Amino acid sequence: MSSFWTGTKVRLRGVEPADWEVFQSFAEHSADARAADRLHPPRSAAWFRESIAKRATHGGEDLDLAIESRRTGEVVGALSTGGVDRRAGRFSYGIGVGHQHQRNGYAREAIALLLGYMFSEQRLHKCEVKVYEFNDASLSLHRSLGFVEEGRLRAHEFFGGRHWDAVLLGMTLPEFLDRWELPEV
């Protein structure tokens with residue numbers, strides 16, 4: 001067996017301090033920054049160096065991963081978990097793929113690898129994600145992966161001069177197993 005964290009298109013790895021320039025370049029695409037999180041004012045190279053260095057050395061339960069293309073070896077995006085609730089057995093994540101790397105299947109495979117790990121190794125039962133209503137690509141991706149729309153937070157976030165809904169999607173372990181297989185031991 002190869003690395004659990006390696007698929008056919010991507011390899012998930014820890015964020016490294018040297019990745020700061022890639023993440024700074026991702027932040028320069030306003031629509032992508034807004035879709036993944038929010039539009040921030042321009043930040044200095046020093047800010048990115050310090051921020052990414054902290055991410056690279058942070059411990060704890062949440063994962064902070066770089067998505068690396070197996071074909072080119074370059075960082076194409078990032079994926080991080082949050083909201084792990086071990087009592088209830090659920091977690092959430094956020095993902096962003098750089099504009100020039102979108103529509104290559106990187107996000108799909110990275111999410112599948114993450115779900116396989118969280119369900120098969122961390123004994124979690126449900127994944128929840130929040131996607132802004134204007135992010136059609138992410139909504140389509142998550143639905144194609146088997147996520148089910150569970151609700152909507154109306155006028156929840158403010159972007160581009162107006163309020164937008166946040167669409168809540170979820171996937172349980174049985175729903176995952178309907179479409180995917182757990183990694184082999």
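Start by selecting W20, F23, Q24 and A27 in helix 1, then add A45, F48, R49, I52 and R55 in helix 3: these residues meet, contact meaning heavy atoms within 4.5 Å. By class, this contact splits into six nonpolar, one polar and two charged residues. (Nonpolar covers Ala, Val, Leu, Ile, Met, Phe, Trp, Tyr, Cys and Pro; charged covers Asp, Glu, Lys and Arg; the others, Gly among them, are polar.)

Before moving on: this is a predicted model, where local features need pLDDT of at least 70, side-chain atom pairs count only at pLDDT 80 or more, and totals for chains, interfaces and linings use all residues. Residues are numbered from 1 along each chain as its sequence is written, and side-chain values use heavy atoms, with hydrogens and water left out.

Now show helix 1 (residues 20–27) and helix 3 (residues 45–57) whole; they pack at about 120°, axes 9 Å apart. Helices here are DSSP runs of H or I, at least four residues, numbered from the N terminus. Axes are lines fitted to C-alpha atoms over the stretch in contact, and angles run from 0 to 180 degrees between N-to-C directions. The crossing of helix 1 with helix 3 is right-handed, that is, the near helix is turned clockwise from the far one by less than a right angle.

Next, pick helix 4 and helix 5 (residues 136–145), packed at about 45° with axes 11 Å apart. Helix 4 and helix 5 are therefore oblique to each other (not under 35 degrees, over 145, or 65 to 115). Their crossing is right-handed too. Select A107, R108 and I111 of helix 4 with L141, H142, S144 and L145 of helix 5 to see the contact.

Last stop: the second largest pocket, about 390 Å³ (an open set of points on a 1 Å grid, for a 1.4 Å probe, with protein on both sides within 12 Å along at least five of seven lines; lining residues have an atom within 4 Å of a point; the volume is the space filled by probe spheres set on the points). Of its 18 lining residues, F4, T6, L113, E181 and P183 are closest to the centre. Helix 4 (residues 106–120) gives the most to this lining, five residues.

Notes: Helices (H or I, at least four residues) and strands (E, at least two) are DSSP runs, numbered from the N terminus.
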